[in-house]
Amino acid sequence: MNNIETFKIKSKTQNHCWHPLEIKEILPQAEKFFGKGKIRLYKGKGCEACNYTGYVGRIGIFEILPASTELRELILTKPTISEIYKLEEAQGIKSIFEDGLEKVKNGITTLEEVLRVSRPRNNYK
């Protein structure tokens with residue numbers, strides 16, 4: 001075993017009808033994930049090309065945890081999810097949620113879609 005991989009498939013934004021929004025226009029909790037800066041997020045308005053959903057196609061968000069010696073030893077202790085997440089954080093592993101946020105910042109998907117399929121690590125503590 002070399003890696004433990006986690007992925008989820010979610011809807012991809014439709015570039016044909018997307019438009020920028022200020023963070024506060026997306027969701028009340030958006031500032032919690034992106035801060036109060038002037039970051040632009042995108043959302044599809046809906047058009048004929050996307051069947052009025054704002055999305056077309058699918059995109060994956062991923063988390064890859066290398067099967068390190070520390071992980072192997074931890075698994076033998078039957079750890080809680082919090083203990084596994086602590087190890088991931090200590091090893092600098094990007095969570096599935098963080099990968100999703102990166103795709104939100106790049107206009108590939110929406111925050112609503114990321115929240116639909118994942119949660120920040122601290123929600124499991």
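The pLDDT is the predictor's confidence in each residue, on a scale from 0 to 100. In the predicted model shown here, the mean pLDDT of the protein is 81, and 82% of the residues reach 70 or more. Confidence varies along the chain: among the elements, helix α1 (residues 23–26) has the lowest mean pLDDT, at 64, while helix α3 (residues 69–75) has the highest, at 91.

The protein contains six helices and four strands. Read from the N terminus, these elements follow the order β-β-α-α-β-β-α-α-α-α. Of the contacts with a sequence separation of 6 or more, 74% are made by residues 24 or more positions apart. Of the 125 residues in the protein, 41% are buried. The accessible surface amounts to about 7800 Å², and carbon and sulfur atoms account for 51% of that surface.

The interior may be considered next. In soluble globular proteins, nonpolar side chains tend to be buried together. Here the largest nonpolar core has ten residues: A30, F33, F34, L41, F97, L101, V104, L111, V114 and L115. Helices α2 (30–34), α5 and α6 each contribute at least two residues to this core. Another core, of five residues, lies apart from it and includes L65, L71, L74 and I93.

Helix α5 (residues 96–105) deserves closer attention. Seven of its ten residues are buried, so the helix is mostly covered. The buried positions are I96, F97, D99, G100, L101, K103 and V104. Three of these names, F97, L101 and V104, also appear in the largest nonpolar core. The list of buried residues in α5 also contains the charged residues D99 and K103. Just after the helix, G107 adopts a positive phi of about 75°.

What partner does D99 have in a salt bridge? D99 pairs with K94, and the closest N and O atoms are 3.5 Å apart. The two partners differ in exposure: D99 counts as buried at 6% relative accessibility, whereas K94 is partly exposed, with a relative accessible area of 35%. The pair also belongs to a network of salt bridges that links K94, D99, E102 and K103.

The count of salt bridges in the protein comes to five. One of them joins K43 and E112, whose closest N and O atoms are 3.3 Å apart. Because K43 lies in strand β3 (residues 40–44) and E112 in helix α6 (residues 111–117), this pair ties together parts that are 69 residues apart in sequence. Both partners are partly exposed: K43 has a relative accessible area of 31%, and E112 has one of 22%.

A further salt bridge lies within helix α6, where the side chains of E113 and R116 meet at 3.0 Å, N to O. Since E113 and R116 are three residues apart in this helix, about one helical turn separates them. E113 counts as buried at 8% relative accessibility, while R116 is exposed, with a relative accessible area of 51%.

Between α5 and α6 runs a loop that holds T110. Is T110 buried or exposed? With a relative accessibility of 1%, T110 counts as buried. Leaving aside residues up to four places away in sequence, T110 touches T13, Y42, K43, Y55 and V104. Two of these contacts recall residues already met: K43 is the salt-bridge partner of E112, and V104 is one of the buried residues of α5.

The cysteines complete the account. A disulfide is a covalent bond between the sulfur atoms of two cysteines. How many disulfides does the count give? The count comes to zero. The cysteine sulfur closest to that of C17 belongs to C50 and lies 3.8 Å away, which is too far for a bond; the cut-off for a disulfide is a pair of sulfur atoms within 2.5 Å. C50 is likewise in no disulfide, its nearest cysteine sulfur being that of C17. Both residues are buried, C17 with a relative accessible area of 10% and C50 at 5% relative accessibility.

Methods
Residues numbered from 1 in each chain as written. Predicted model: local features only at pLDDT ≥ 70, side-chain atom pairs only at ≥ 80, totals over all residues. Heavy atoms only, no water. Buried < 20%, exposed > 50% of the residue type's maximum accessible area, 1.4 Å probe, protein only. Salt bridge = Lys/Arg side-chain N within 4 Å of Asp/Glu carboxyl O. Contact = heavy atoms within 4.5 Å. Areas by Shrake-Rupley, 256 points an atom, 1.4 Å probe, with all protein chains shown as cover. Core = buried A, V, L, I, M, F, W, Y, C linked by side-chain atoms within 4.5 Å.
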